[in-house]
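Here are my notes for you on this one, written as a short list of points. Keep the viewer open and click along as you read.

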Amino acid sequence: MKRTFKLISVILFFSLILLFGIAFYFSGMVLYPKVRCNPDHHVYCNGPKELGLDYEEVNITTEDKLNLVSYWIPTKQPKGTILMVHGHGGQRNEGLRFSKSLHQAGYNLLLLSLRRNHGGYATMGGLEQKDVDAALEFLKAKGETRIGIFGFSMGSATSIIAMANHKEIKAGLFSSGYASAMDVLIESAKRDFGIPYYPLIPVVKLVLDYRSGIDMNSVRPIDSIANIYPRPIAIFHCKMDDYVDYHHALDLYAKAKEPKRLWAPECNRHERIWNFDPKEAEKRTIAFFTESLK
């Protein structure tokens with residue numbers, strides 16, 4: 001009996017070690033995604049010069065002393081300024097697909113580089129709020145008052161929460177975002193790795209919260225989006241998105257208050273709306289900001 005108890009204790013001990021080891025690995029995938037430019041996705045990997053745009057590299061310092069080296073693309077006689085926020089594992093170049101058309105339409109652009117690219121780690125829109133805070137201070141110091149925000153994937157989640165908290169953001173376009181960080185992580189774990197919720201996901205969350213210093217359950221754009229009212233928003237989302245399911249767009253849209261709009265083309269890759277139909281994506285983007293940033 002004593003020997004059996006000892007054997008069970010050893011098995012439980014090593015099972016816990018294995019469980020926490022796997023949880024540490026998966027939490028690392030969230031916090032430290034590989035950052036690279038994928039030409040198939042981001043298209044423009046060589047910066048604004050690839051599009052013939054004049055730009056400056058600007059240093060934006062967060063309250064926790066990270067230096068975010070971002071692209072500032074000014075225009076003459078601007079109609080407004082658009083802050084562009086990239087996604088998980090992305091870089092500042094992610095917004096370049098829309099940049100030439102927006103610049104030609106008369107907008108200054110700030111392509112923000114988030115903390116993961118500058119010695120920090122990704123938190124699905126949590127600590128990235130500090131990055132947006134710093135970017136807004138940068139824009140206000142330049143005298144910018146007509147500010148819009150344009151987020152991609154995690155950048156959309158970040159932008160929704162930020163817009164709800166910052167009344168100076170006058171309009172928001174959210175592309176391929178999610179309603180809840182934990183929900184999208186749970187869905188992707190099941191889809192991509194066949195991992196059920198129990199027993200691993202609660203342990204992953206425990207480790208993720210410890211390593212990030214925040215409660216990942218607090219990263220819920222769906223709880224913030226109604227607070228944006230009465231400022232206008234738009235949601236873009238591929239109807240057959242292969243990473244962030246379309247239901248996230250529908251859930252966010254249902255919670256948002258007017259004025260709001262939703263565009264869901266028949267594309268099937270995550271955050272590939274521009275790639276699917278560049279002309280239509282640019283036309284709808286310019287129309288939204290032209291009507292909203294007055």
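1. Let's start with the small hole inside. Its lining is made by His86, Gly87, His88, Gly89, Gly90, Leu114, Arg116, Ala122, Glu128 and Met154. Before you go hunting for these, keep in mind that you're looking at a predicted model. This is the largest cavity, and its volume is about 30 Å³. How many cavities of 30 Å³ or more are there? The count comes to one. Sort the lining of the largest cavity by class and you get three nonpolar, five polar and two charged residues.

2. Now for the open space. How is empty space found at all? A probe the size of a water molecule is rolled over the atoms, and that shows where room is left. The largest pocket holds about 1100 Å³ of space. It has 38 lining residues, and Met29, Pro33, His88, Asp192 and Tyr243 are the closest to its centre. You've met His88 already, in the lining of the largest cavity.

3. Which elements give two or more residues to the lining of that pocket? They are helix H1 (2-31), helix H5 (181-193) and helix H6 (200-212). Helix H5 gives the most, with seven residues. By class, the lining of the largest pocket has 20 nonpolar, ten polar and eight charged residues.

4. Stay with H5 for a moment and look at how it packs on H6. The angle between H5 and H6 is about 135 degrees, and their axes are 11 Å apart. That angle makes the two helices oblique to each other. The crossing of H5 past H6 is right-handed. On the H5 side, the contact uses Met182, Leu185, Ile186 and Ala189, while H6 brings Ile201, Lys205 and Leu208. What classes do these contact residues fall into? Six are nonpolar, none is polar and one is charged.

5. Next, pick out helix H3 (residues 128-141) and helix H4 (residues 154-165). These two pack at about 65 degrees, with 10 Å between their axes. H3 and H4 therefore count as roughly perpendicular. H3 passes H4 in a right-handed crossing. From H3, the residues in contact are Glu128, Gln129 and Val132, and they meet Met154, Thr158, Ile161 and Ala162 of H4. Split by class, this contact has four nonpolar, two polar and one charged residues. Here's a nice link back to point 1: Glu128 and Met154 are also among the residues lining the largest cavity.

6. One more helix pair: helix H2 (residues 96-104) and helix H9 (residues 278-292). Their axes lie 10 Å apart, at an angle of about 55 degrees. Oblique or roughly perpendicular? H2 and H9 are oblique to each other. The crossing of H2 past H9 is right-handed. In H2 the contact residues are Arg97, Phe98, Ser101 and Leu102, and their partners in H9 are Ala281, Glu282, Thr285, Ile286 and Phe289. This contact of H2 with H9 has five nonpolar, two polar and two charged residues.

7. Time to zoom in on the backbone. Tyrosine 229 and proline 230 are joined by a cis peptide bond, with omega at about 10 degrees. Where is proline 230? Look in the loop between H6 and strand S7 (233-236).

8. There's another cis bond to find. The peptide bond running from glutamate 258 to proline 259 is cis, and its omega is near 0 degrees. Proline 259 sits in the loop that lies between helix H7 (247-255) and strand S8 (260-263).

9. Last stop: serine 153. Its phi is near 55 degrees, which is a positive value in a residue other than glycine. You'll find serine 153 in the loop between strand S5 (147-152) and H4. H4 is the helix from point 5, the one that packs against H3.

How values were computed:
Residues are numbered from 1 along each chain as its sequence is written. This is a predicted model: local features need pLDDT of at least 70, side-chain atom pairs count only at pLDDT 80 or more; totals for chains, interfaces and linings use all residues. Side-chain values use heavy atoms; hydrogens and water are left out. On a 1 Å grid over the protein atoms alone, a cavity is a set of points where a 1.4 Å probe fits but cannot get out, and a pocket is an open set with protein on both sides within 12 Å along at least five of seven lines; lining residues have an atom within 4 Å of a point. Grid points are joined across faces, edges and corners, and a volume is the space filled by probe spheres set on the points. Ala, Val, Leu, Ile, Met, Phe, Trp, Tyr, Cys and Pro count as nonpolar, Asp, Glu, Lys and Arg as charged, and the others, Gly among them, as polar. Axes are lines fitted to C-alpha atoms, for helices over the stretch in contact, and angles run from 0 to 180 degrees between N-to-C directions. Helices (H or I, at least four residues) and strands (E, at least two) are DSSP runs, numbered from the N terminus. Angles under 35 degrees count as roughly parallel, over 145 as roughly antiparallel, 65 to 115 as roughly perpendicular and the rest as oblique. A crossing is left-handed if the near helix is turned anticlockwise from the far one by less than a right angle, and right-handed if clockwise. Contact means heavy atoms within 4.5 Å.
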